[in-house]
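Hi,

Here is the model I promised to pass on. Have a look at it first, and my notes follow underneath.

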Amino acid sequence: MDVQTLTFIIVGATFALYIAIAIWARAGSTNDFYVAGGGVPPVLNGMATAADWMSAASFISMAGLISFMGYDGAVYLMGWTGGYVLLALCLAPYLRKFGKFTVPDFIGDRYYSQTARTVAVFCAIFVCFTYVAGQMRGVGVVFSRFLEVDIVTGVVLGMVIVFFYTVLGGMKGITYTQVAQFCVMVFAYVVPAVFISIMVTGHILPQTGFGATLADGSGMHLLQKLDNLSTDLGFHEYTTGTKSTIDVFFITFALMVGTAGLPHVIVRFFTVPKVHDARKSAGYALAFIAIVYTTAPSLAAFARVNMIETINGPELTGTSYEEAPSWIKNWEQTGLIEFNDKNGDGVMFYSGDERNEMTVDRDIMVLANPEIANLPAWVIALVAAGGVAAALSTSAGLLLVISTSVSHDLLKRNFAPNITDKAELFYARLAAGVAIVIAGYFGINPPGFVAQVVAFAFGLAASSFFPAIIMGIFSKRMNDKGAVAGMLSGIAFTATYIIYFKFVNPEANIPDNWLFGISPEGIGTLGMIVNFVVAFLVFKVTDEAPEEIQELVESIRYPKGAGEASAH
Amino acid sequence: MSFRNNDDQKAYWKENLALLFKLLVVWFAVSFGAGILFADALNNIQFFGFKLGFWFAQQGSILVFVALIFVYMAKMSAMDKRYGVEEE
């Protein structure tokens with residue numbers, strides 16, 4: 001059977017599975033819709049959290065990114081996993097004990113302030129939309145290459161499926177589909193990596209193959225080889241970075257606190273039955289994520305060696321374009337790889353200096369990897385299914401946060417407090433539907449600024465939610481004015497810095513102009529500090545939080561008496 | 001009041017913060033310490049074919065993170081039982 005047919009069969013089978021799960025797990029109440037009835041076992045919640053968190057960007061782009069960045073790629077690896085430690089130790093158990101549906105709920109109630117709630121709602125919606133737009137691009141890329149349908153058809157198909165199980169199943173449907181998507185995704189990620197690891201180093205585990213000697217009998221370590229290749233071809237050495245230490249530090253920190261502050265991840269810890277389960281489920285989630293995140297850098301190294309050797313040939317003199325392997329021509333059609341025969345000799349050459357004739361998009365490293373390594377057709381089909389699963393699971397989680405923010409935080413808690421459970425559920429579904437249509441539009445007409453605004457999403461989460469929640473738990477007396485002033489100044493500072501360097505004056509976006517040498521990607525860390533400092537100063541000159549709020553904070557600090565998550 | 005007395009509640013929170021602090025020190029040491037600030041120095045040490053700083057940045061820190069969460073979970077559960085504030 002050819003790759004095309006196999007891809008249709010495997011992707012089609014996974015779609016059927018997701019829909020079947022959605023019908024089985026459909027939501028009957030707002031409680032089901034928002035937090036899956038609060039009854040998800042921790043292991044399954046861990047898988048769902050992992051699927052929710054690992055986006056199309058993680059699945060498709062991360063290994064490629066690391067492959068091109070070398071050591072510097074560690075900011076993503078450590079940043080996106082280290083945030084879970086903060087989440088598990090400082091946020092998840094307390095928020096679970098607090099027992100509400102959404103992050104704005106916590107902020108609004110803890111700081112007894114509608115202003116705080118509203119600021120939080122808008123941040124949540126903004127962060128989620130930024131993210132969804134990126135996911136839809138991922139769906140488009142996967143569909144257009146693997147199913148050979150045009151991007152519009154691909155995105156519409158993806159939208160219909162997400163619509164079906166988000167609107168029908170809510171959090172309950174999403175959670176159980178995400179469990180299935182997690183399995184598809186991890187399998188699709190690890191299988192090619194294992195194959196390639198065996199091929200390149202003879203090790204079954206990519207994580208140990210990463211540090212092993214090459215299987216070609218030269219006795220040279222993979223990373224040594226990669227360092228040599230990189231320097232010979234005019235790239236920087238693979239195992240050391242090009243970014244300044246301070247910038248790496250700040251970016252990693254911003255990604256960590258940003259991760260811990262992302263509403264669609266936090267909300268997952270409202271779905272487990274107990275505080276103990278919230279702690280446990282964060283551990284499982286990170287363990288599952290670690291499977292992919294420790295495989296990714298290994299895959300990145302294998303793929304880089306493979307790609308360089310395929311294009312430049314074993315003698316590193318280049319290979320003839322006429323005899324180029326089929327994957328190069330396949331991927332040329334998507335525009336993700338380009339050959340520009342500068343010296344007109346018909347020979348391809350890839351390097352980091354003026355000899356270079358290739359333009360290689362980083363997304364190709366995971367998607368084309370099985371083809372580059374000549375793996376069987378079913379592995380290629382599996383990667384397609386995995387990419388789609390990653391994009392769908394994250395979009396669904398994000399869309400749910402958008403819909404809850406609208407129906408619960410805006411309608412129920414602001415404009416229409418007397419709304420019935422049934423009507424609220426209807427509005428939640430309506431909001432999910434509208435959000436899907438908007439996200440689909442961005443998928444078909446991707447705005448050019450998607451990559452730029454991702455820094456924004458993390459920066460905002462880091463400079464707004466994270467400090468507000470931390471202070472809400474660890475300081476009993478922190479008051480509404482301090483929290484609101486902190487959030488607003490944190491956001492204002494971060495947003496101004498990012499907007500200036502990314503949109504107003506992109507030419508000035510060079511290390512010399514940066515504040516303390518911190519790039520816009522890392523500025524969220526400073527925004528977080530601004531938030532903490534301003535909140536503390538304002539708190540010092542105003543009254544401390546009222547007695548009943550202090551008692552509320554006391555009560556979320558120990559597990560006993562945690563009920564189901566509820567609206568009131 | 002779920003605690004036996006006020007002192008217990010204070011002691012429980014203090015113990016929780018102390019545990020948190022210890023774990024976060026490790027969290028910081030493996031990632032920001034070994035993976036970033038001291039990565040260059042550690043790169044002079046070979047560790048199974050990896051430069052040690054590079055290994056911490058791309059593999060080691062993640063493995064330690066997972067362990068930290070499970071240690072926290074186990075210690076907190078024991079503590080909850082000791083103070084009688086575990087869930088029914």
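Let me start with a stretch of chain B: residues 54-74 are 100% helix and 0% strand, with their end C-alpha atoms 30 Å apart. Before you read on, keep in mind that this is a predicted model, so everything below is computed from it.

That stretch caught my eye because of the UniProt record: an unreviewed entry lists residues 20-42 and 54-74 of chain B under "transmembrane region". The other listed span, residues 20-42 of chain B, comes out at 96% helix and 0% strand, and its end C-alpha atoms lie 27 Å apart. The record also has a broader annotation, again from an unreviewed entry: "domain: Sodium symporter small subunit", covering residues 9-86 of chain B. Over residues 9-86 the chain is 83% helix and 5% strand, and here the end C-alpha atoms are 13 Å apart.

As for chain B as a whole, it has three helices and two strands. Reading from the N terminus, the order of elements in chain B is α-α-β-β-α. How does the radius of gyration of chain B look beside that of a compact globule of 88 residues? The globule would be near 12 Å, but chain B has 18 Å. Along its principal axes, the C-alpha trace of chain B spans about 55 × 20 × 15 Å.

Chain A is another story. In chain A there are 23 helices and four strands. A compact globule with 568 residues would have a radius of gyration near 24 Å, and chain A agrees, since it has 24 Å. The principal-axis spans of the chain A C-alpha trace are about 75 × 55 × 40 Å.

Now for how the two chains meet. The contact takes 41 residues from chain A and 36 residues from chain B. On the chain B side, the elements giving two or more residues are α1 (6-37), β2 (50-51) and α3 (52-83). Which of the chain B elements gives the most to that side? That would be α3(B), with 17 residues. Sorted by class, the side of chain B that touches chain A has 23 nonpolar, nine polar and four charged residues.

Inside chain A, I picked out two helix pairs for you.

The first is α8 (residues 151-201) with α17 (residues 377-415), both of chain A; their axes come within 6 Å and cross at roughly 145 degrees. The crossing of α8(A) and α17(A) is left-handed. Their contact has 24 nonpolar and nine polar residues, and no charged ones.

The second is α4 (residues 56-69) with α13 (residues 275-312), also of chain A, where the axes come within 8 Å and cross at roughly 55 degrees. α4(A) and α13(A) are therefore oblique to each other. This time α4(A) passes α13(A) in a right-handed crossing. If you want to find the contact on screen, look on α4(A) for Ser58(A), Met62(A), Ala63(A), Ile66(A) and Ser67(A). On α13(A), the residues making the contact are Val292(A), Ala296(A), Pro297(A), Leu299(A), Ala300(A), Ala303(A) and Arg304(A). By class, the contact of α4(A) with α13(A) has nine nonpolar, two polar and one charged residues.

Cheers

Note on methods: Residues are numbered from 1 along each chain as its sequence is written. Chains are lettered from A and ligands numbered from 1 in the order in which they are written. This is a predicted model: local features need pLDDT of at least 70, side-chain atom pairs count only at pLDDT 80 or more; totals for chains, interfaces and linings use all residues. Two residues are in contact if their C-beta atoms, placed from the backbone, lie within 7 Å. Ala, Val, Leu, Ile, Met, Phe, Trp, Tyr, Cys and Pro count as nonpolar, Asp, Glu, Lys and Arg as charged, and the others, Gly among them, as polar. Axes are lines fitted to C-alpha atoms, for helices over the stretch in contact, and angles run from 0 to 180 degrees between N-to-C directions. Angles under 35 degrees count as roughly parallel, over 145 as roughly antiparallel, 65 to 115 as roughly perpendicular and the rest as oblique. A crossing is left-handed if the near helix is turned anticlockwise from the far one by less than a right angle, and right-handed if clockwise. UniProt positions are given in the numbering used here, feature names are shortened, and annotations may be inferred rather than shown by experiment. The radius of gyration is taken over C-alpha atoms; the globule rule is 2.2 Å times the number of residues to the power 0.38.
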